[in-house]
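Q: Could you take a close look at the ligand and its surroundings, and explain them carefully for someone new to structures? Which residues come nearest to the ligand, and which domains give residues to the shell around it?

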Amino acid sequence: MAVQFTANEDEIFKKIADAARSCSMPCYLIGGFVRDTLLGRPTKDADFVCVGDALQLATVAAQRFKPHPKVSLFKNFGTAHFKLHDGFDLEFVGARRESYQYNSRKPEVVPGTIEDDQKRRDFTINALAISLNSHDFGALVDPFNGVEDLNQGIIKTPLNPAETFSDDPLRMMRAIRFATQLNFTIYPETLAGITEAKERIRIISQERITDELNKIIKSEKPSIGFKLLYDTGLLHIIFPQMVDLAGAEFIEGKGHKDNFYHTLQVLDNTAQRSDNLWLRWAAILHDIAKPATKRFEEGHGWTFHGHEVVGGRMVPKIFNQLKLPLGEQVKYVRKLVELHLRPISLTKENITDSAIRRLLFDAGEDIDDLMKLCESDITSKNKFKVKRYLENFELVRERCKAVEEKDSIRTWQPPITGEIIMETFGIRPSRPVGTIKDAIKDAILDGVIENNYDAAFAYMLQKGEECGLTQKTGFSSQETGKGAFTPEDSNSKEPGNENKF
Ligand code: CTP
């Protein structure tokens with residue numbers, strides 16, 4: 001069986017083949033490139049395995065391209081790499097008999113044949129090679145029936161799973177990741193091998209684990225991966241808080257829904273609405289505090305009061321534990337978790353503009369993502385209910401749009417800052433600063449005071465007095481003008497907008 005390359009690929013691979021011939025080294029394309037080409041998924045990452053010195057081959061091969069690419073040589077690992085100007089990434093490695101020491105500092109490499117090399121790879125579909133040798137250029141080298149597994153959609157280790165997984169336990173995550181990305185089935189023995197070897201995942205760095213987890217989450221249907229992680233017991237080790245969501249308790253014949261499967265459905269629903277990894281993380285974490293806040297109230301049933309707030313507080317801890325980024329991303333996810341019940345409360349009748357304004361202020365630029373999360377949170381099996389809830393959310397969206405057009409809340413900031421409060425009362429950062437700031441914001445959003453600096457300043461003095469504070473500095477709006485909320489520095493579209501709500 002021969003594989004069809006594009007004209008560009010053919011040109012590149014002929015040059016590599018030519019270089020290999022001149023070095024008298026058998027050479028093969030291997031791994032992900034072969035798999036993805038056979039699957040019809042274009043890729044620009046190509047791995048070559050040669051029977052000989054990969055550093056020499058890469059150096060010779062690079063000379064055949066114009067402009068000459070810069071070759072990176074990794075002597076300790078016996079690998080080399082260069083990138084072509086059109087983005088093609090070429091990686092060279094010598095065939096090895098011993099297992100791959102991924103990310104290990106051990107430099108020892110025992111040379112081997114192409115088949116030695118193939119059998120130490122992770123899965124049969126990743127062990128496929130294509131010959132670049134003159135006598136059979138383009139022929140598939142498939143000693144482990146990788147093509148058949150590719151056609152049948154099977155993830156299977158070439159050796160017995162215990163051996164393959166002990167070579168690199170991250171492969172357990174990779175198996176589940178490929179099953180999710182490709183919608184493949186993990187071969188029963190391989191799956192059992194993961195369950196068996198799961199504890200070994202502990203020796204893998206959190207960064208590599210999380211990298212695979214994120215690839216699962218970015219897939220079209222991430223629930224496939226999470227179910228496999230759960231069934232094999234890997235999830236219990238890498239993300240126990242999520243496992244705590246599983247199961248339903250019954251008291252007086254009343255049960256609650258299984259929040260693990262609910263969360264997975266919300267995640268899949270979110271994945272259908274957005275590619276944003278962090279929105280998908282918000283879906284994973286939106287109910288994470290349900291186990292911690294669960295109560296059974298006599299005559300009422302199960303409640304999860306405050307799970308959005310407690311859940312919000314759990315977000316940074318979980319991000320830290322999983323080595324996820326702690327910048328804007330964590331703030332965004334926390335905000336969405338904290339706000340995920342708010343739009344539902346706005347689906348009732350007689351909702352005031354001020355309630356909509358508060359939501360727009362709290363969600364800011366992320367209001368659309370929040371609405372997507374809330375829509376994804378509808379997991380009822382009753383089609384009519386789903387339709388009704390979605391229609392209700394549509395009404396909330398329309399109200400948000402109308403209020404936003406009128407008041408430009410999304411990017412609005414209250415006219416009095418924390419600094420002004422501290423300066424006025426001569427106090428350091430402390431609780432009253434936040435209390436007064438929030439009170440001013442709420443008063444403006446609720447239309448209690450006008451949306452301008454002077455009104456806010458007066459209100460600040462009043463609130464300060466209630467907190468037992470007195471004005472230390474004599475400045476007022478006339479003297480400093482600082483923070484005055486004029487149409488220019490608000491983001492309002494029309495002049496005079498500052499007094500509108
Ligand atoms: N490989 C392996 N064991 C690992 C990682 C990689 O055997 N733990 C082998 C596989 O043959 C794999 C190849 O190295 O196909 C290249 O690895 P990598 O670039 O990480 O993965 P790809 O298969 O190319 O897929 P993706 O780019 O989606 O990660």
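A: The answer below begins with how to read the values, then goes from the ligand outwards to the domains.

This is a predicted model, in which local features need pLDDT of at least 70 and side-chain atom pairs count only at pLDDT 80 or more, while totals for chains, interfaces and linings use all residues. Residues are numbered from 1 along each chain as its sequence is written, and side-chain values use heavy atoms, with hydrogens and water left out.

There are 14 residues around the ligand, and those that come nearest are Arg35, Asp122, Asp168, Arg171 and Arg177; here a residue is near a molecule if one of its heavy atoms lies within 4 Å of it. Sorted by class, this shell holds 9 charged, 3 polar and 2 nonpolar residues, where Asp, Glu, Lys and Arg count as charged, Ala, Val, Leu, Ile, Met, Phe, Trp, Tyr, Cys and Pro as nonpolar, and the others, Gly among them, as polar.

Three of the nearest residues also make polar contacts with the ligand, a polar contact with it being a pair of N or O atoms within 3.5 Å. A polar backbone atom of Asp122 is 2.8 Å from an oxygen atom of the ligand. In the side chain of Arg171, an N or O atom lies 2.9 Å from a nitrogen atom of the ligand, and the side chain of Arg177 has an N or O atom 2.8 Å from an oxygen atom of the ligand. Taken alone, the ligand exposes 560 Å², of which the protein buries 77%; these accessible areas come from the Shrake-Rupley method with a 1.4 Å probe.

Two elements, α2 (32-38) and α7 (170-182), give two or more residues to the shell, and α7 supplies the largest share, with 4 residues. Such elements are DSSP runs numbered from the N terminus, helices being H or I runs of at least four residues and strands E runs of at least two. The loop between α7 and the strand β9 (185-186) contains Asn183, a residue other than glycine whose phi is positive, near 55 degrees.

On a wider scale, the domain assignment of the protein chain gives domain 1 (7-151), domain 2 (161-238), domain 3 (266-407) and domain 4 (418-489), with bounds that come from an automatic or database assignment. Because domain 1 and domain 2 both give residues to the shell around the ligand, the ligand lies between them. As for domain 3, its centre and that of domain 1, taken over C-alpha atoms, are separated by 47 Å.

Methods:
Polar contact = N/O pair within 3.5 Å; in protein donor to acceptor, adjacent residues only side chain to side chain.
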